[in-house]
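Here is a friendly walk through one protein chain, written for reading beside the model. Keep the viewer open and follow along from the overall fold to single residues.

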Amino acid sequence: STQCCVTVSPMSLTAATSSDEEDDSDSSTKPIRSEKKKNPASLFQTGGDPPKEKKSKKKVPPKGAESEEETPETLQKNSNKKGKAKKSKKKEERPPSPVIEVDNLEEFVLQPAPQGVTVKCRVTRDKKGMDRGLYPTYYLHLDNDKKVFLLAGRKRKKSKTSNYLISIDPTDLSRGGENFIGKLRSNLMGTRFTVFDNGANPDRANVDWSNVRQELSAVVYETNVLGFKGPRKMTVIIPGMNADCERVPIRPRNDNDGLLMRWQNRNMDNVIELHNKAPVWNDETQSYVLNFHGRVTHASVKNFQIVHSSDPDYIVMQFGRVADDAFTMDYNYPLCAVQAFAIALSSFDGKLACE
């Protein structure tokens, strides 16, 4: 299909949206992952013996769910200049989320996405009110007609490092409240982040440690040759999955035992390393380009896709700007909503100095 571009200056990570006339019947549209590759779920399995190539029981996706193969292709720019990307004439051209039932919110946001289903969400940033410029609230909703609320996140004040609380209630973002579901904490430099669930601090462990918080993921940002200008480099570290496709619990007993330390020491038992997909330089538009399949419409340095190096076609998560304070966030198995939302929150952090 013909591509029309949004031009952005050379030092940028970029976006081109494809023509409006696309439809799902276009046989030239490549599927998001090639058919020959084995089930992507096996990339994330770490608990117990590696899976024998057995016929995997496919989880039946929720009613009306579309598999990610059906998404039409579009390219999207990332830019670290606030390039005013030309807004497309069609307002709603993002493919909407499949029908996803959220019966128990707390359970849903911690459960891995169903295999073969892309959970499509929208993140909005609210800067209104006193000091919201410094401490905006971020809201996560399903990107569908019902706009089902999933999570809210806000940076804590009076915290030496960046510290975001994540809640299943849009109005109660208190640490002690019963709606507290997780948190994102950075190092002093603001380049490394850890995501916890709402379990107890190791100091308050019970006898069998079952109440201690789990680490759900960690994110490492590397500066490149240009400082933080140009494409960012992200490493995302998550717990592996067991044979039943459940997350292996990682409950560090001290600071030397978390996901970041294990990754740093290359102790990768039950740990999976993911990276952002490297964008490709496009001579025609003089910018870096990533394919967001129509889900992202504005150039931004915050736009990213997370993949496993063994199957870069399987997009574990993608995030990108669609308006000044609105972003799409889509995630696939094995991530859950809390993991994906926290990874997205880390990309907003001011220390990264690349608005």
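Helices and strands here are DSSP runs, with at least four residues (H or I) for a helix and at least two (E) for a strand, numbered from the N terminus. With that in hand, Pro334 can be placed in the loop between β17 (326-331) and α3. Please keep in mind that this is a predicted model.

**The overall fold**

The chain has three helices and 17 strands. Of its 355 residues, 51% are buried. Among contacts with a separation of 6 or more, 61% join residues 24 or more positions apart. The chain exposes about 17,500 Å², and carbon and sulfur atoms supply 50% of that area.

**The barrel and its helix**

Which strands make up the closed barrel? Twelve strands do, in the order β4-β5-β6-β7-β8-β9-β10-β11-β12-β15-β16-β17, and their pairing is antiparallel. On average, neighbouring strands of this sheet are turned by 20 degrees against each other, with direction ignored. Helix α3 packs on the sheet, and its contacts include β4, β5, β6, β10 and β17. The direction of α3 makes about 25 degrees with that of β10.

As a general reminder, strands of a sheet pair through backbone hydrogen bonds, either parallel or antiparallel. One pair to look at is β12 (residues 271-276) with β15 (residues 304-308), which is antiparallel and runs over two bridges. In this pair, His275 stands opposite Val307 of β15.

**The nonpolar interior**

In soluble globular proteins, nonpolar side chains tend to be buried together. In this model, the largest nonpolar core has 57 residues, and those with the most contacts inside it are Val109, Leu151, Met317, Met329 and Tyr331. Which helix gives the most to this core? Helix α3 (residues 337-348) does, with nine residues. Apart from this core lies another one, of eight residues, including Ala218, Val220, Ile250 and Val271.

Leu151 is a good residue to select in the viewer. Leaving aside residues up to four places away in sequence, Leu151 touches Val109, Tyr138, Tyr139, Leu140, Ile166, Ser167, Ile168, Ile181, Ala337, Val338 and Phe341.

**Backbone details and loops**

Back at Pro334, the peptide bond that leads to it from Tyr333 is cis, with omega near 10 degrees. Two further loop residues have a positive phi without being glycine: Lys147, near 50 degrees, and Cys245, at about 65 degrees. Lys147 sits between β5 (137-142) and β6 (149-155), while Cys245 sits between β11 (233-239) and α2 (259-264).

Are these loop residues buried or exposed, and where does Thr118 fall? The table sets out their relative accessible areas.

| Residue | Relative accessible area | Class |
|---|---|---|
| Thr118 | 9% | buried |
| Cys245 | 22% | partly exposed |
| Lys147 | 45% | partly exposed |

Buried means under 20% relative accessible area. Thr118 counts as buried because its value is 9%, whereas Cys245 is partly exposed because its value is 22%.

Thr118 lies in the loop between α1 (105-110) and β4 (119-126). What does the side chain of Thr118 join through a polar contact? The partner is the side chain of Asn332, at 2.9 Å.

How values were computed
Residues numbered from 1 in each chain as written. Predicted model: local features only at pLDDT ≥ 70, side-chain atom pairs only at ≥ 80, totals over all residues. Heavy atoms only, no water. Buried < 20%, exposed > 50% of the residue type's maximum accessible area, 1.4 Å probe, protein only. Polar contact = N/O pair within 3.5 Å; in protein donor to acceptor, adjacent residues only side chain to side chain. Core = buried A, V, L, I, M, F, W, Y, C linked by side-chain atoms within 4.5 Å. Contact = heavy atoms within 4.5 Å. Areas by Shrake-Rupley, 256 points an atom, 1.4 Å probe, with all protein chains shown as cover. Pairing = 2+ DSSP bridges. Axes fitted to C-alpha atoms, helices over the stretch in contact; angles between N-to-C directions.
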